[in-house]
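Hi everyone, thanks for coming. I'd like to walk you through one model today, so let me put it on the screen.

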Amino acid sequence: MSRKFDPGVAPHFPPQLTVTGVMQQVLYALLPGIIAYTWFFGPGILVQILLAVIFALLFETLMLKVRKLPLKRFLGDWSAVVTAVLFALCLPPLAPWWIALVGMLFAIVVAKHLYGGLGQNMFNPAMVGYVVVLISFPRVMALWLPPTSIASHSLTFGEVLNTIFTGSLSLGLSWDTISEATPLDAIRISLASGRMVSEARQSPVFGDFGGLGWEWIANLYALGGFWLLWRRIISWHVPVMMIGAVVALGLVAYLVDPGSNPVPLQHVFSGALVLGAFFIATDPVTCCTSNRGRLIFGVGVGIITLSIRSWGGYPDGVAFGILLMNMAAPLIDRYTRPRIFGH
Amino acid sequence: MMHIDHAEQARNAGEQVHHFHGGLHLRHNKKISCETPLERTPLPGLLIVPLLQHYGPEAEATVKTGQKVLKGDEIGCFAHLGGGYVHAPSSGIVQAVARRPISHSSGADGWCVVIEPDGLDQWKRLEPLTDWSDADPALLRQKIRNSGIVGLGGAVFPTAFKTDEAIRQGIHTLILNGSECEPYISCDEMLMREEPDSVILGARILQQAIGATRTVIAIEDQMGVVNRALKQAVESAGDDNIKIVKITTIYPEGGEKQLIQVLTGLEVPTGGRPTDLGLLCQNVATATAVAQAVVEGKPLIERIVTVTGNGIRKPRNLVARIGTPISDLVEQCGGYTNDVARLVLGGPMMGYALNSDANPVIKAANCILALTQSDIRPSQVEMPCIRCGECARVCPAVLLPQQLDWLIRNQQWDDAADSGLADCIECGCCDVVCPSHIPLVEWFRFGKSELRSLAVERKQAETAKHRYEARDARLLRIKEERRQRMEEKKRAIKDGAQKQQKLAEAIARARARQDRNE
């Protein structure tokens with residue numbers, strides 16, 4: 001009375017995590033930041049996210065078909081959605097709809113699938129998409145809004161949609177009246193015209209440390225980031241070293257020349273530093289895999305970001321920092337291989 | 001200097017608890033099988049005793065069909081790794097020596113001695129050695145070899161080989177491994193709880209057999225009852241050289257190399273053995289088998305088996321004869337539940353799935369694990385690696401599994417070997433944490449077997465090359481010798497001709513002189 005069984009290979013253990021699970025948790029962790037963003041800057045960002053997600057899924061489907069890969073399995077991994085959301089969070093809230101189209105074309109088709117698809121891409125797709133639109137369309141990418149609390153005109157949802165889809169403002173509005181420089185831009189412009197950082201900080205766009213509104217968004221991104229750390233989706237190495245490098249170098253610069261350098265905390269709470277540190281630089285595919293490698297990677301991104309902010313041609317440098325370090329990651333991995341047990 | 005420090009550190013094994021890299025906190029699931037005391041499995045209708053129950057090639061049958069055997073009689077023997085035997089688990093008639101499924105990880109059939117028990121369960125004449133403490137260590141090791149004892153933790157490496165090696169290399173500390181780190185398995189825990197005296201006795205005999213001066217018994221920090229039982233047994237044995245150490249339960253802390261690292265802070269060098277550090281590691285159940293072999297003269301014919309899992313109605317530990325069909329054990333545990341899906345020999349992390357429960361209990365069978373569909377991984381949907389590095393974080397051998405996987409798939413064997421493929425202990429940690437559900441361990445097993453066959457091929461090629469070169473050299477030498485001989489001959493001929501000429505000249509001169517004189 002014997003019984004037959006199907007074979008299987010060890011370990012006979014349910015897996016603890018799935019790729020889909022990783023991606024979904026990253027999205028959950030972004031929610032507080034997105035809510036804060038909407039709260040401070042209006043519903044434009046939600047439209048950007050929606051557009052980017054739609055284009056991302058369209059291009060993903062197209063490329064999966066071309067590459068003859070199973071649609072359900074790969075669309076179901078949510079990786080394209082994560083790319084889209086991270087990309088959209090870098091856009092000005094009123095950017096025209098085709099910005100998302102162009103960005104996702106380069107992110108999903110070029111940076112991701114032409115390099116071999118999920119897990120094979122050398123560069124972070126969201127950052128490739130962002131840098132392409134930033135360099136190609138500098139004018140529209142510079143039209144930022146002030147926080148709604150200090151805005152002279154608060155846009156209705158209809159006006160937001162109209163602007164995004166027609167590219168023009170509603171009657172009676174002009175970009176001069178509704179747009180406002182970001183805090184990083186404000187410092188740049190102010191320094192360029194020979195004023196001190198402290199004078200630039202008189203502008204209403206500044207809050208306690210960084211930009212008004214921006215610092216709260218950064219706080220909530222960090223909250224999401226801590227949750228990812230606690231869930232072991234990301235490791236501490238990249239965010240700590242990246243922010244640490246910016247603070248350390250920023251402090252040196254500030255102590256040497258407080259007139260033309262902001263206090264280091266302002267660097268942390270403006271621009272994309274916190275978002276980049278917890279959500280983008282930590283992208284496993286394009287980051288280093290060993291912990292020692294991640295330390296170097298994080299420091300590298302931090303140094304490049306601060307250098308571009310201080311001396312480069314762009315107000316923020318997180319995206320460039322990440323892409324440049326993506327390039328260095330395989331080499332860093334090669335030289336930070338841990339010593340094997342017993343060797 | 002470094003070396004002396006290491007030696008000192010090894011000598012202090014167990015004085016301080018260290019850590020190893022990676023590992024996993026797994027759900028223990030051991031309680032379910034520890035609630036009922038040990039019970040013997042009744043004599044089955046047929047005993048199927050595989051001749052491969054040890055590390056290495058099969059033993060050869062020493063009995064023939066129709067032959068009568070007594071319990072404990074030798075029925076097979078092998079010569080490699082110092083040699084050893086397989087014994088009859090009960091008295092009866094040999095019904096066949098045939099190929100049967102043998103519960104080997106390869107899944108292949110193997111030669112078995114099939115015995116029909118006569119029900120008398122009559123022992124052969126036993127030769128107990130009650131005054132073992134006065135015995136010659138060599139005699140103790142001989143007993144171990146003759147009793148067919150192998151590592152009962154699952155690796156089934158012949159114990160006598162390890163003890164002989166210990167004598168050759170000279171060791172100071174015996175480590176008894178009582179930290180069964182795989183979930184579900186509780187046979188060692190039950191053994192230490194119910195027969196602590198026999199474990200301690202085994203430890204003392206082994207210590208004498210290998211010339212060690214102390215013993216460290218490692219148990220998990222969750223085994224409170226075991227700790228008390230062993231301490232009491234040590235006390236009543238009155239041996240001050242046995243120390244019980246509780247170690248943190250992190251899978252795979254019971255792996256030999258990991259355990260040694262936890263107890264000493266030292267790493268067994270790659271390609272080396274614990275004896276290189278002056279240590280010998282044995283499972284607690286092996287120690288008990290040694291005690292029985294020496295003090296009672298009984299060979300290894302039974303072991304404790306944990307029968308457990310959500311697919312078993314009444315999980316428990318049984319003392320089963322080697323050769324008993326696994327289905328008999330399951331039946332004694334109330335049979336399967338309705339949703340049983342997989343039968344595993346060993347634990348969930350490293351055990352192998354059986355095709356059938358008709359397979360016999362073997363010396364390696366520490367656990368029979370019946371799992372339901374929800375316990376095992378759903379039909380594997382593999383995703384591409386996203387390089388998250390979790391596998392490297394948990395790897396106790398400090399390897400980069402995702403890198404190895406890539407090298408193996410691309411058949412870059414030299415790079416894979418350089419990246420430490422051979423150092424993989426197949427613990428399965430990387431596999432369990434992989435979000436892409438890549439069957440990493442399966443790839444590593446494949447890669448390791450490729451490396452081994454590649455090594456054999458290379459050795460053969462090397463031998464062939466040596467032979468070819470030797471032949472070339474030989475031919476060259478022969479040619480040279482021939483040439484030299486020829487030259488000598490030529491010279492000789494030339495010399496001969498000169499001599500003849502000189503002779504002729506001399507004769508001519510003589511004749512001329514004669515002519516003148518005449």
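Let me start with a question: how much space lies in the second largest pocket? The answer is about 920 Å³, and please keep in mind that this is a predicted model.

So who lines that pocket? There are 35 lining residues, and those nearest the centre are A:Q120, B:R387, B:Q402, B:Q403 and B:W406. You'll notice that both chain letters appear in that list. If you prefer to think in elements, α16 (318-335) of chain A, α11 (401-409) of chain B and α12 (413-418) of chain B each give at least two residues to the lining. The biggest contributor is α11(B), with six residues. As for chemistry, the lining of this pocket has 13 nonpolar residues, 13 polar ones and nine charged ones.

Now keep an eye on B:R387, one of the residues nearest the pocket centre. Its side chain also meets that of A:D333 in a salt bridge, at 3.5 Å from N to O. The count of salt bridges between chain A and chain B is two. Polar contacts add to the picture: 19 residue pairs across the interface, both partners at pLDDT 80 or more.

On the chain A side of that interface, the elements giving two or more residues are α1 (19-41) and α3 (71-75). That side divides into 21 nonpolar, nine polar and 10 charged residues.

Let's step back to the whole interface. The size of an interface is often given as the accessible area lost when the parts come together. Here, chain A and chain B bury about 4,500 Å² between them, with 59% of it on carbon and sulfur atoms. Within chain A, the residues losing the most area to chain B are A:F5, A:H12 and A:F341, which together make up 20% of what that side buries. The contact takes 40 residues from chain A and 66 from chain B.

Before I finish, some backbone details for those of you who like to check geometry. The peptide bond from A:A10 to A:P11 is cis, with omega near -5°, and A:P11 sits in the segment before α1 of chain A. In chain B, the bond from B:Y251 to B:P252 is cis as well, with omega near -5°. B:P252 belongs to the loop between β11 (242-247) and α7 (256-264) of chain B.

And which backbone angle is positive at B:V398? It is phi, at about 55°, although B:V398 is not a glycine. You can find B:V398 in the loop between α10 (390-394) and α11 of chain B.

Methods
Residues are numbered from 1 along each chain as its sequence is written. Chains are lettered from A and ligands numbered from 1 in the order in which they are written. This is a predicted model: local features need pLDDT of at least 70, side-chain atom pairs count only at pLDDT 80 or more; totals for chains, interfaces and linings use all residues. Side-chain values use heavy atoms; hydrogens and water are left out. Contact means heavy atoms within 4.5 Å. Buried area is the accessible area (1.4 Å probe) that two parts lose on being put together, summed over both. A salt bridge is a side-chain nitrogen of Lys or Arg within 4 Å of a carboxyl oxygen of Asp or Glu. A polar contact is a pair of N or O atoms within 3.5 Å; within protein, one must be able to donate a hydrogen and the other to accept it, and residues adjacent in sequence count only if both atoms are side-chain atoms. Helices (H or I, at least four residues) and strands (E, at least two) are DSSP runs, numbered from the N terminus. Ala, Val, Leu, Ile, Met, Phe, Trp, Tyr, Cys and Pro count as nonpolar, Asp, Glu, Lys and Arg as charged, and the others, Gly among them, as polar. On a 1 Å grid over the protein atoms alone, a cavity is a set of points where a 1.4 Å probe fits but cannot get out, and a pocket is an open set with protein on both sides within 12 Å along at least five of seven lines; lining residues have an atom within 4 Å of a point. Grid points are joined across faces, edges and corners, and a volume is the space filled by probe spheres set on the points.
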